Amino acid sequence: TIKGTLFDSILADLKDESVATIISVAFKEDFITTKGLRVDATYSMTAEVIFEGDEITSFGNISNAKVIVGKAVVEKVLINDPERKSLVLTNMIPDESERIFVSPVGTDTVSSVFNLARRHPVKKRIQPHNGIDFKARSGTSVFPALEGEVINIGKTRAKGKFVQIRHANGFETTYDHLRKFQKGLHVGMHVDTRDQIGEVGKTGLATGAHLHFGMLKNGQYVNPLYYFKDYRLTEEKERALDELES
């Protein structure tokens, strides 16, 4: 459990300043402190450990680390960074087999990114942003990012009008703040990327028209940007990931 800063929580648990520094630096753009949060935050990691008898005497390489805030997760993996010429923890990039989603509004203009510690523009407090916001005019057609089955159509105070779709690869996607649903859309309906499911709006807690697009993997919200077909890795990262896999 993270209480206070990520650094202090790891240091208190492991009594190792080096490990606390490595992980807190790796996540400095994602998460720093639980101050102001109203949801639970946790961390986990896999690391080499050196024992003397039954006692851990030191830590080696940290192969991966994860921070979960509410239902949103960011995971880092160890790769050989050719620029720094060293091993570093960096964002885990999905396999190509999972990078198959397309933009639900036909544009890649994102106005707000996935963020574990964003200040909510309406509530004015720290709250995880469990997806990305596509910039689009009110009334813009919304389509599934991948074919699947509609599992929820509803309206809440926060999401406004929303549609949730389950995909065959185990992912689920959600489309929030809709102005209206497509006529005839119903739970249990199979839809593909050519079937309109609604229109961009600003229902729920929204300061303006946009589409909030969320993606769940194994029940946790992940950064959707990494799962789009047109997401491009740099050649250096491709090479580094190839080395890691081999």
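**Reading a hairpin, a patch and a histidine**

Mentor: In this predicted model, β1 and β2 form a hairpin with two residues between them, and Gly53 in the turn has a positive phi of about 70°.

Trainee: What makes β1 and β2 a pair?

Mentor: Two strands pair if there are at least two bridges between them. Strand β2 covers residues 55-69, and β1 joins with β2 over 11 bridges in the antiparallel sense. The cut-off is met, so they count as paired. As one example, Met45 stands opposite Ala65 in β2.

Trainee: Why is Val49 called partly exposed?

Mentor: Val49 sits in strand β1, residues 41-52. Its relative accessible area is 34%. Buried means under 20% and exposed means over 50%, so a value in between is partly exposed.

Trainee: What makes Val49 eligible for a surface patch?

Mentor: Patch residues need over 30% relative accessible area, and Val49 has 34%. Val49, Phe51 and Ile56 make a nonpolar patch of about 260 Å².

Trainee: Now a histidine. Why is His210 called buried?

Mentor: His210 lies in the loop between β14 (198-200) and β15 (211-217). Its relative accessible area is 11%, which is under 20%, so His210 is buried.

Trainee: How do you know that the side chain of His210 makes a polar contact with Gly208?

Mentor: That side chain reaches the backbone oxygen of Gly208 at 2.9 Å. The limit is 3.5 Å, so the distance fits.

Trainee: Which residues does His210 touch, leaving out those up to four places away in sequence?

Mentor: They are Asp133, Phe134, Ala136, Asp176, His177, Val200 and Gly201.

Terms used. Residues are numbered from 1 along each chain as its sequence is written. This is a predicted model: local features need pLDDT of at least 70, side-chain atom pairs count only at pLDDT 80 or more; totals for chains, interfaces and linings use all residues. Side-chain values use heavy atoms; hydrogens and water are left out. Patches are made of residues with over 30% relative accessible area and no salt bridge: like charges are joined within 9 Å, nonpolar side chains (Val, Leu, Ile, Met, Phe, Trp, Tyr) within 5 Å. Accessible areas come from the Shrake-Rupley method with a 1.4 Å probe; for residues, only the protein chains shown count as cover. A salt bridge is a side-chain nitrogen of Lys or Arg within 4 Å of a carboxyl oxygen of Asp or Glu. Helices (H or I, at least four residues) and strands (E, at least two) are DSSP runs, numbered from the N terminus. Buried means under 20% relative accessible area, exposed over 50%, partly exposed in between (1.4 Å probe, protein chains only). A polar contact is a pair of N or O atoms within 3.5 Å; within protein, one must be able to donate a hydrogen and the other to accept it, and residues adjacent in sequence count only if both atoms are side-chain atoms. Contact means heavy atoms within 4.5 Å.
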